[in-house]
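Please open the structure in your viewer and keep the selection panel at hand. The tour goes one selection at a time.

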2 protein chains.
Amino acid sequence: MLTRSELGNLEARAVRQIIREGGWTGTSKRLALGREQANIVILREEYALDFFRFCHRNPKPLFLIEVTDTGDPEPKICAPGADLRTDLPAYRLYRDGEAVEDLTDIKHLWRDDHVAFLTGCNLSVDQVMIENRIPLPHLIDDEAWPSQYISNISCQPAGIFKGPQVVSMRPIPEKLLIKVIEITSRYPRSHGAPLHVGDPFAIGIDDLNEVDWGKLNKIGEGFLPVFWACGITAQAVACEIKIPEMITHKPGHMFVTDIAVADPTK
Amino acid sequence: MLTRSELGNLEARAVRQIIREGGWTGTSKRLALGREQANIVILREEYALDFFRFCHRNPKPLFLIEVTDTGDPEPKICAPGADLRTDLPAYRLYRDGEAVEDLTDIKHLWRDDHVAFLTGCNLSVDQVMIENRIPLPHLIDDEAWPSQYISNISCQPAGIFKGPQVVSMRPIPEKLLIKVIEITSRYPRSHGAPLHVGDPFAIGIDDLNEVDWGKLNKIGEGFLPVFWACGITAQAVACEIKIPEMITHKPGHMFVTDIAVADPTK
């Protein structure tokens, strides 16, 4: 079994192949560094047009990287040759808005009317942060992760899809705040600039100690809580409206695309 | 009747109101300068998911600004209060891939299953070019316009939508080539950087004197032909596949949105 550090230096295609063969079921943190990672939402076609509009109207949480042809599990543009039924480290199946099962393969669940939506993910900018020597706590060890909360910032609705945005919080050293905003604003595919800095109450979070997803991160002396839009918004909204079926990546276990994070033209 | 120059200094909302009341039926060139203009394609919902994918996969010709709710003629995000049935200076109706009628109002044609796609347009960067003192021939007088050709560069297909990209050609002074590429690459909503510079044969254009749309522009001494992706790609593809019905802006008669061209976050 290769280590995370070894997988970090491989090309995206090689990482996907290892995952497909069962060689990695952990999170996708720091895999194929420099390649765009994507959140995955798979829905039946009857929901696809509205969900497409929903993502397009809410690019900060749900920046659209690719939408597959109906019934085709290959994301032909961002990862030719890949198979979205096998190439993620882990999946989560939701029925009627409830998470019912985590899986490492969804071949038996795939349908001719499935459409997959690939949206941007903050893990994509990990390498950017490392190269810029930004000491973000969530990068320090394998178990570290941002804190995630349901905010009171509404998504732009589309059809049945509506609800609040989920945000991810990272404690940022006050001295680095402007630099972090400046850097992240250049990566709109990966949630871009923060939505909010400072007072959690202002965006409807009563208690930072009560995370909705992710890990608790304490705000140390000289740090500020900084909030970004988060891709979990899709799962939160789909659960809220009790969609009959949705398949997503298991949180933290994203799909690695061929797109260079450094390429703004893709 | 206000002049083009007077309409150039008005806010987008005021320009739309004047158009709605029949006060302007000319091209949208230099109207509400500094505001994003949009090409419009209106299709029945049965084609909407594939056309959505088609635009999303081909952002250089068809950068998606907004997709309306089915049956709703208001583009709520980029122009709240606007009505896409009345607020364009002129429309073109296609049936079975043939242009059959030009109109100034499509209220009588609008259906409950219509979806409107708003995509980026090169007229949006006119003010940017003017401010940067780029002496582009197509900006010089009211009648001037880029030359437009069918290239041999294929679109990424989506469902029934497939075909070659249409390109617009502007003669650019050799000395300004890099500057023009640098500037336009910062406006991905408005077709971004050129697709090609120089030899027209390389992209399948045998004779620059035979334009497919727009006006003939001669390449003077010290100028280079520079080719950008063009929004007419949508009409060309829809005609090619003989789509039963499509309503678009009349070429050159675009919709003026509230979005600031200078705002890269929209």
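The stops below go through one chain and then turn to the pair of chains. Keep in mind throughout that this is a predicted model.

**Stop 1: the domains of chain A.** Select residues 4–123 together with 237–259 in chain A and give them one colour; this is domain 1. Then select 125–233 of chain A, which is domain 2. Between the C-alpha centres of domain 1 and domain 2 of chain A there are 21 Å.

**Stop 2: where the domains touch.** How many residues does each domain of chain A give to the contact? Domain 1 of chain A contributes 29 residues, and domain 2 of chain A contributes 29 residues. Stay on the domain 1 side of chain A and select strand 1 (35–44), helix 3 (48–57), helix 4 (59–62), strand 5 (114–120) and helix 8 (233–240): these elements each give two or more residues to the side that touches domain 2. Helix 3 of chain A has the largest share of that side, with five residues. Colour this side of domain 1 of chain A by class and you will find 13 nonpolar, seven polar and nine charged residues.

**Stop 3: chain A and chain B.** Show both chains. A turn of 180° with a shift of 0.0 Å along the axis lays chain A on chain B, with an RMSD of 0.0 Å. This is the relation of a two-fold axis. Which C-alpha of chain A is nearest the axis? Select Leu49(A): its C-alpha is the nearest, 2.7 Å from the axis. Last, select the contact residues of chain A; 100% of them recur in chain B, so the same surface serves both copies.

Conventions. Residues are numbered from 1 along each chain as its sequence is written. Chains are lettered from A and ligands numbered from 1 in the order in which they are written. This is a predicted model: local features need pLDDT of at least 70, side-chain atom pairs count only at pLDDT 80 or more; totals for chains, interfaces and linings use all residues. Domain bounds come from an automatic or database domain assignment. Two residues are in contact if their C-beta atoms, placed from the backbone, lie within 7 Å. Helices (H or I, at least four residues) and strands (E, at least two) are DSSP runs, numbered from the N terminus. Ala, Val, Leu, Ile, Met, Phe, Trp, Tyr, Cys and Pro count as nonpolar, Asp, Glu, Lys and Arg as charged, and the others, Gly among them, as polar. Copies are superposed by least squares on the C-alpha atoms of residues with pLDDT of at least 70 in both.
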